Amino acid sequence: MESFYITTAIDYVNGSPHLGHAYEKVLTDVIARFRRQRGDRVHFLTGVDEHGQKVQASAKKRGIPPQQFCDEVSAEFRALLPKLNITNDDFIRTTEARHQRVVRQVLQQLHDQGQIYLDEYRGFYSTRQEQFLQDKDRNPDGSWPEIYGEVTEITESNYFFRLRQHQEWLVDFLMQNEHFIFPAYRQKQVLEFLKEPLNDLCISRPRERLEWGIRLPFDENYVTYVWFDALLNYYSAVADKPGVWPATIHVIGKDILVPPHAVYWPIMLHAAGLPLPKGIVAHGWWLQRGAKMSKSTGNALNPLDLVAEFGVDAFRYFLIREMNVGQDSDFTLEQFMVRYNSELANNLGNLVNRTLNMTTRFAGGVVPAAGPDTELEQGLRALWAATRDAFIPLCEDFQFHTALERAMVFLTETNAYIEKRAPWKLGKSAAPEDAALLRTSLATMAEALRLAVTLIQHVTPATADKVRAVLGHAPGPDWKAELDWGGRLTGAKVAPALVLFPRPAPPTKP
RNA sequence: GCCAGGGUAGCUCAGUGGUAGAGCAGAGGACUCAUAAGCCUUUGGUCGCCGGUUCAAUCCCGGCCCCUGGCACCA
């Protein structure tokens with residue numbers, strides 16, 4: 001049994017969850033479920049990042065303690081998970097004691113090793129925004145934008161991590177581990193980035209400027225800032241669980257790949273003497289080009305509204321079917337409806353319903369044993385074998401959108417098989433050979449359906465369960481064995497009907 | 001500016017040195033078990049532009065145009 005530890009990025013609790021948050025959870029869950037059903041020992045972690053300036057400010061604005069603010073917003077993020085049918089094993093908050101303990105321990109260790117040192121940082125500071133500014137923040141004429149108020153150049157003592165010392169090591173590591181980052185071109189970007197010399201990383205903030213954070217164990221006048229806090233969650237969550245670390249995959253958004261996850265994180269681990277993760281998957285963003293959504297025009301699109309209206313599986317299916325992992329994609333209601341109607345409702349849902357209906361009408365609701373085996377059945381079985389054999393490697397390579405496309409082709413061909421066999425004609429015939437072919441056709445379509453939903457069950461788990469239930473089938477524990485074409489359904493009592501993905505009601509006119 | 005990826009049917013994309021493909025959308029047809037679904041047939045493209053290599057280029061090379069993403073101390 002292989003250990004498979006997968007994580008999402010932890011979400012910053014300074015706002016409500018949106019489509020991007022939902023996507024990352026769903027993508028990670030699909031990978032986790034896929035590995036789990038293949039027999040890996042999966043540990044799936046997600047969580048929230050609760051420290052920092054913005055949280056402190058938001059809490060202050062509302063006149064409540066930061067911890068209370070975190071409690072409220074964290075609950076909102078946590079509540080998202082069951083709504084999306086996410087199978088995370090753990091949920092970490094960076095304000096938890098287990099996390100703070102590990103962060104302080106690692107910081108102390110690195111300090112003892114001389115990897116962290118005190119130095120002075122000089123820069124332009126905005127009192128109003130309570131932050132240092134960069135040259136890129138300037139107006140074209142060199143002045144500072146109005147929003148920063150008075151800007152003064154100040155010097156501040158802070159602690160620095162010796163990032164630079166490990167630059168060559170990281171380049172070597174990436175050269176030797178070509179597939180560390182997915183997609184591959186992202187790894188090239190990292191190497192490009194590493195052609196410039198790194199600066200050491202400022203990891204602290206004086207407490208007079210930032211109170212809401214984890215205090216440095218070797219200097220109580222400072223808290224650690226962002227990276228040693230947020231990134232270490234992946235390790236702190238499992239530090240007391242033997243055999244889990246290192247992570248197998250960190251799933252993150254492309255915006256936090258370089259430098260945090262691809263540069264800071266490997267170097268932090270290396271410096272601390274901890275094993276490195278096996279890989280990083282950097283996904284793209286959902287865009288909303290085209291018609292701009294707005295509440296005033298009544299076409300606002302909230303992901304959770306889609307879940308409520310069309311079901312969690314339709315939502316998960318769309319995200320995974322539409323997005324090529326690593327690339328960006330448009331999210332439009334039109335495209336959602338196209339996938340929903342043509343693939344889920346018409347191709348799959350209708351196939352379920354017609355199979356149940358015909359089995360009920362022509363075989364008393366019991367799946368018969370297959371009779372004569374002809375070229376038609378052999379053809380469909382051959383397609384199934386090819387579909388399954390292509391599907392699994394595609395999922396291993398994160399090509400879920402292509403894999404689902406293959407599954408859809410199989411369903412289309414199953415529909416075509418039914419047309420060619422025309423059980424409704426066989427059912428009206430008195431000839432014994434027609435009755436035998438009828439049994440074959442009913443057994444074949446039910447089996448094809450069982451196999452198809454089992455194949456895609458990591459994307460649409462609730463649908464797979466529902467379909468197997470109406471087919472009267474309780475799956476065994478061995479997923480791969482369930483993917484063999486056979487006679488498991490013979491004698492099963494099926495439900496009379498099921499409308500899986502109902503067509504949306506036409507808008508009612510007032 | 002530098003680096004990377006890309007410009008192929010209305011839309012989303014696949015593709016190969018030798019008369020261009022899929023899905024969806026559009027059109028027509030036969031059928032009726034079914035969620036007016038499913039099946040069959042079909043309209044549709046100067047494969048970004050200009051040169052070059054080649055018997056032959058959408059696919060190789062050069063130049064150009066356009067789009068997207070990345071370029072650190074910023075969850």
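# Exercises on chain A

Chain A exposes about 23,000 Å², and carbon and sulfur atoms supply 51% of that area. Keep in mind that this is a predicted model.

## Exercise 1: Get the overall picture

**Task.** Work out how many helices and strands chain A has, and what box its C-alpha atoms fill.

**Solution.**
- Start with the secondary structure: chain A comes to 18 helices and 16 strands.
- Next, look at the extent. Along the principal axes, the C-alpha atoms fill a box of roughly 95 × 60 × 40 Å.
- Now check the burial: of the 510 residues in chain A, 53% are buried.
- Finally, look at the contacts. Among those with a separation of 6 or more, 77% are between residues 24 or more positions apart.

## Exercise 2: Two helices that pack

**Task.** Describe how helix α10 and helix α11 pack, and say which residues meet.

**Solution.**
- Two packed helices are described by the angle between their axes and the distance between the axes.
- Here, α10 covers residues 303–310 and α11 covers residues 312–322. The angle is about 125°, and the axes lie 6 Å apart.
- That angle makes α10 oblique to α11.
- Now for the residues. From α10 come Pro-303, Leu-306, Val-307 and Phe-310, and they meet Val-312, Ala-314 and Phe-315 of α11.
- Sort the residues of this contact by kind, and you get seven nonpolar, no polar and no charged.
- One more step: how covered is α11? It is mostly covered, with 11 of its 11 residues buried. The buried residues include Asp-313, Arg-316, Arg-321 and Glu-322, and Tyr-317, Phe-318 and Ile-320 are on the list too.

## Exercise 3: Find the cores

**Task.** Find the largest nonpolar core and the helix that gives the most to it.

**Solution.**
- The largest nonpolar core has 98 residues.
- Those with the most contacts inside this core are Ile-31, Leu-319, Phe-336, Tyr-340, Val-352 and Phe-400.
- Helix α16 (residues 432–455) gives the most to this core, with 11 residues.
- Zoom in on Val-352. Leaving out residues up to four places away in sequence, Val-352 touches Leu-449, Val-467, Val-470, Leu-498 and Leu-500.
- There's also a second, separate core of 54 residues, which includes Leu-45, Val-106, Leu-107 and Leu-198.

## Exercise 4: Cis bonds before proline

**Task.** Look at Pro-246 and Pro-259, and say where each one sits.

**Solution.**
- Take the bond from Trp-245 to Pro-246: this peptide bond is cis, with omega near 10°. Pro-246 sits in the loop between α8 (233–236) and β13 (249–253).
- Now take Val-258 and Pro-259: they are joined by a cis peptide bond with omega of about 0°. Pro-259 lies in helix α9, which spans residues 257–272.

## Exercise 5: Positive phi without glycine

**Task.** Two residues to check are Asn-85 and Val-226. What is phi for each, and where is each residue placed?

**Solution.**
- Asn-85 is not a glycine, but its phi is positive, at about 60°. Asn-85 belongs to the loop between α3 (66–83) and β4 (90–93).
- With a relative accessible area of 27%, Asn-85 is partly exposed.
- Val-226 also isn't glycine, and its phi is positive, near 60°. The loop between β12 (219–224) and α7 (227–230) holds Val-226.
- Val-226 has a relative accessible area of 28%, so it's partly exposed.

## Exercise 6: Buried or partly exposed?

**Task.** Decide whether Ser-74 and Leu-383 are buried or partly exposed, then list what each one touches.

**Solution.**
- You need one cut-off: buried means under 20% relative accessible area.
- Ser-74 is in helix α3. Its relative accessibility is 2%, so Ser-74 counts as buried.
- Skipping residues up to four places away in sequence, Ser-74 touches Val-13, Val-48, Glu-50, Phe-91 and Arg-93.
- Leu-383 is in helix α13 (residues 375–396). Its relative accessible area is 24%, so Leu-383 is partly exposed.
- Not counting neighbours within four places in sequence, Leu-383 is in contact with Val-409, Phe-410 and Glu-413.
- Last step: compare sequence and space. Leu-383 and Thr-414 are 31 residues apart in sequence, while their C-alpha atoms are 9.7 Å apart in space.

Methods. Residues are numbered from 1 along each chain as its sequence is written. Chains are lettered from A and ligands numbered from 1 in the order in which they are written. This is a predicted model: local features need pLDDT of at least 70, side-chain atom pairs count only at pLDDT 80 or more; totals for chains, interfaces and linings use all residues. Side-chain values use heavy atoms; hydrogens and water are left out. Axes are lines fitted to C-alpha atoms, for helices over the stretch in contact, and angles run from 0 to 180 degrees between N-to-C directions. Helices (H or I, at least four residues) and strands (E, at least two) are DSSP runs, numbered from the N terminus. Angles under 35 degrees count as roughly parallel, over 145 as roughly antiparallel, 65 to 115 as roughly perpendicular and the rest as oblique. Contact means heavy atoms within 4.5 Å. Ala, Val, Leu, Ile, Met, Phe, Trp, Tyr, Cys and Pro count as nonpolar, Asp, Glu, Lys and Arg as charged, and the others, Gly among them, as polar. Buried means under 20% relative accessible area, exposed over 50%, partly exposed in between (1.4 Å probe, protein chains only). A nonpolar core is a set of buried Ala, Val, Leu, Ile, Met, Phe, Trp, Tyr and Cys residues joined through side-chain atoms within 4.5 Å. Accessible areas come from the Shrake-Rupley method with a 1.4 Å probe; for residues, only the protein chains shown count as cover.
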